[in-house]
Structures are given as C-alpha cells and as structure tokens.
Amino acid sequence: MHLNAKHLRKPHVPFLAALLLIAAPAFAQDDEAPKLSRGTFYQNPLSYSTTRDPDPPKYVRNVSELGIDSLLNVNWLDVGLDYRFRYEYRDDDIRRARAGRDEPWLHRTRAYIGIKEILDPFRFAAELQDARRYNSNYPRDNRDVNEFEFIRLYGELYFKDLLGHDAIGNPRPLSIRYGIHNFEFLDRRLLGNNQWRNTANTFQGFHASLGQESNDWQLDLLAVQPLYRSQYRWDRPVEQQWLYGVIGHWRKWPEIVTLEPYYLALSQSAHAGVAERFVHSPGIRAYGIVGSTGFDYDTSFTYQFGRNGSRSVRAFAYVGEVGYTWATNPWKPRFSLFYGHASGDRDPNDAKDNRFERFFGFGRPWSANDYIVYENISTPKARVEFKPRHNLRVDFGYSWYWLASDKDRFAGANNVRDVTGRSGGYLGSEFDIRARYAWSPKTEIIVGYAHFTNGGFIENNVRRGDTDFAYFEFNHRFF
C-alpha cells in the first residue's frame, strides 16, 4: 500500500495503542531466574562513546539524597542544575567557508525538575537549557546558540508493575509520555541528544515504554516530530517531518550479548522545493563481553528502503568494534579497532538514492573535529583508553576517512560534491587525544586536541593545509 505524507501529519495513536496491547502478553512470560551478580539485566557497552545519557540526566539528584535532614523523606522530587563552559581553538576549520583562526567561548546551563510517585500514575518532568556563544569570528548558528529553551517538558502516565516482574524481581512498568523529549537510543549514532554540541536534539510527540532498563526485555515506541532549534525564539516542530520508531532490548544473557532490534521510519512531506520522502530503516545491534577473555564487541547493521521523490531509496550502514581490556593492569587499558560504513549515492542521475539517512544521531565520536556524520562514509579507527588514577581518564586514537561514494557529497564541508568522482574519495586522517579529570564529585575538567590531515578530496574541493583543534572544558553540577 502506498503511504502518502498527507496521511502522516498526525501521530498514529491507535496504532501505538495496538502495539502496546499486542506486545505486552507476548513478552509477559518469565523464564527461570538467571544467575546475576547484580540486581539488573542491563550491561553497559564497553565500546567507545556509546553509553547513553541516563533518564533522568546524570546531573540530576533525588532531593532525599542531598544530605538535608528536613528533605530526607522527599523522595518524589528530582532536581538538577548543571553548567558547562568550553573554550575552543580552531585553526582552518573545513566547515567554515574561509580559512582562519577562531576561538569561541561556549556556555551551556541546564536545569531539571521531575515529579514522580506522589501523584502516580501521573508524572511530570521539565528541563530548561540556555546555550550561548561568544568571542567567535563567525555568525551565530543553532549548533551553538539556543537561548532559554525547554529541551524536556512532558507529562507521563506511569504504571510501575502493570506488566508484572522479571525473573530477578524488578517491576516491569508501562510508561506513556507526551510532550518535548530529549532522549538517546541504541548506540546514539541514529538517535542521540548530542552531548558534545552546545545545543540539543529535541522532539515533540509520544514516547511509550514497556519495561525499563533493568528488565530482561524492554520495548520503546516513538511517534515524534523533530523540533527546529531557534536561536532566540521558542523552538517549534518541523511540521513536514515525523519520526516513528519501534526499538527492542533483549537482555536475557546480559554478560554475553544484548540484542537491540529496531525499526525507524522518517516521513517528510513535500515543501519549499523539498521532495516527499518516506524512509524505512530496520536494523539490529548486538554488543557484549566474550566471557573472561578480556574481549568485548559492539556491532550493528541498518538497511533502508522507501521513496525520495521519484527515486527509490536503497541504502545501508554497518559498524563494528572489537576491544580488549587488560583487567589485571591497575590502569585498566583498553585497545579497540573500529570500522564504520554508511552508503553514499552512487549516481545522482539514476532512479535510486543510495545515500544513508542518518536520522538524528551524534556526530563528534566519528571525528573529534566534528567533521564526519553518518552518511557516505567509510572509516577504520584504532583507539586506546586507560585510567592512570581513580579520577583521571585518558583516551587517544587515529582515524582514516573515505567517502563511500566518490560522486556523493561530503556533508562535513557544507555538502561539497564532485559528481564526476575525479577528486577521489580520500578525505584525510585524524589524530585526537583527550583527558578527563574529576576535580571533585561535582566538577570535571576536560582538555583535548585533534589534528586533521587533509586528503585529496578536501584539498581539491575545500582548501589545502591541515587543521588543528584544541579545547578546555569545565563542567559543574550543583547538586
């Protein structure tokens, strides 16, 4: 059946409700309790920079934990206040139209309040962000500036144990949220809130969850619109776009494998010269630890099909990482090898669009300079991480970058494209290093440096010469 964007202007609430009713009994049976050494089925991935920001955010604290005697029983209220300052030194940034030096100061303040349990099943959460940039040679944009904006504002119906309990006794809740969301899913490459960037990815609509992170299985359902980040006005939904998602989490064998099958869809109606699009994206992620060998792994594959105007969409992407940790060494060093590939459009004049739709994922861990996004890219990486002190973490790595299709665009340099393919596909290589120091339980200081060596494609289409990037970051939470 042909799906017309006119029929997708509103979320399919009955469809979501039907999925909830169908999925609940299908997963309701619990097997014999596994032998877990902790009270959760969740296993954190060890792959580089894929740990999702928790919900609520990690800077948030429950009021009963603040150490104030008069508030010891106020366990129904979560609060948080966080400030981040980052100084950047950028020389010849290829994302800029002209070469030169830039030294921006980035300020970001976030405040959170959440009400739970006392009014169950009704819950509420709000998070306000103020993002600003000073001392830059370039016009302000919504990557860095989004003043006084709600990035989370939703009401929630939360039924703590409506779906029973899992095999180790954790309640399996049902949650239905509506409002503004700031979330992350999977390995953050398709849906992330972009913690590095000064501004956040946000969405408006429905988010329903069957189960929670500590359960052996969980299912998330999405029907949301991305919000356009306005620098000085209230953000508003992108009326022409809807994002739909069904994301599963299977954790029966958490110390061996966690499986995350998913289906994402992006609907875009025709507007202002932009073609109507509907992109289907089924995929699966698997990660885990290989027993007591010291090895860990994280891999995913996504296939895409649909329509982009008069062209059919046929695209794919996959990533894989294998790491080894020397657990007996006091510094706990980890060495990893990574490869990621996202297809690019092979021919702009044929009937197929092969460019991978990157949705709303993070960008920077592809490149410390923030040059690379999850489309038309092929990149191997090698990385080392270690912890020389209990409050100091260091990591460094080397990356190489090619276009998956020499004839498609390079999004990291303002979508420059050589449709002839004569410039080749080699973008360049990058060395980066970062140190994170926990000055106190509430304060973290981060310093980093990255050097990007331009390849033939960039030298032929952007500019010659390498780029340097250094930064100092100060993070402080107040509770």
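**Figure 1. Overall fold and contacts of the protein chain in the predicted model.** Among contacts in the protein chain between residues at least 6 apart in sequence, 62% join residues at least 24 apart. The chain contains two helices and 24 strands, and its radius of gyration of 23 Å is close to the 23 Å that the globule rule gives for 479 residues, so the chain is as compact as a globular protein of that length. Taken along the principal axes, the box filled by the C-alpha atoms is roughly 65 × 60 × 50 Å. Of the 479 residues, 51% count as buried, while the accessible surface comes to about 21,900 Å², with 58% of this area belonging to carbon and sulfur atoms.

**Figure 2. The two faces of strand 4, residues 105-115.** In a regular strand the side chains alternate between the two faces of the sheet. Along strand 4, the side chains of Leu-106, Arg-108, Arg-110, Tyr-112 and Gly-114 point to one face and are buried. Trp-105, His-107, Thr-109, Ala-111, Ile-113 and Ile-115 point to the other face and are not buried.

**Figure 3. Pairing of strand 4 with strand 2 and with strand 5.** Strand 2, which spans residues 77-91, runs antiparallel to strand 4 and is joined to it by eleven bridges; within this pairing, Phe-85 stands opposite His-107 of strand 4, a residue whose side chain belongs to the face that is not buried. Strand 5, residues 122-134, also pairs with strand 4 in the antiparallel sense, over eleven bridges. Here Arg-110, one of the buried residues of strand 4, stands opposite Gln-129 in strand 5.

**Figure 4. The hairpin of strand 4 and strand 5.** Six residues lie between the two strands of this hairpin, and Glu-117 takes a positive phi near 65 degrees. Strand 5 also holds Phe-122, which counts as partly exposed because its relative accessibility is 40%, a value in between the 20% limit for buried and the 50% limit for exposed residues.

**Figure 5. A nonpolar patch on the surface.** The patch is formed by Ile-113, Ile-118, Leu-119, Phe-122, Phe-124, Leu-153, Leu-157, Phe-159 and Leu-162, which together have about 760 Å² of accessible area. The elements that give two or more residues to this patch are strand 5 and strand 6, the latter spanning residues 146-159, and strand 6 provides the largest share, with three residues. Among the other members is Ile-113, whose side chain in strand 4 points to the face that is not buried.

Terms used:
Residues are numbered from 1 along each chain as its sequence is written. This is a predicted model: local features need pLDDT of at least 70, side-chain atom pairs count only at pLDDT 80 or more; totals for chains, interfaces and linings use all residues. Side-chain values use heavy atoms; hydrogens and water are left out. Buried means under 20% relative accessible area, exposed over 50%, partly exposed in between (1.4 Å probe, protein chains only). Helices (H or I, at least four residues) and strands (E, at least two) are DSSP runs, numbered from the N terminus. Two strands pair if DSSP finds at least two bridges between them. Patches are made of residues with over 30% relative accessible area and no salt bridge: like charges are joined within 9 Å, nonpolar side chains (Val, Leu, Ile, Met, Phe, Trp, Tyr) within 5 Å. Accessible areas come from the Shrake-Rupley method with a 1.4 Å probe; for residues, only the protein chains shown count as cover. A salt bridge is a side-chain nitrogen of Lys or Arg within 4 Å of a carboxyl oxygen of Asp or Glu. The radius of gyration is taken over C-alpha atoms; the globule rule is 2.2 Å times the number of residues to the power 0.38. Contact means heavy atoms within 4.5 Å.
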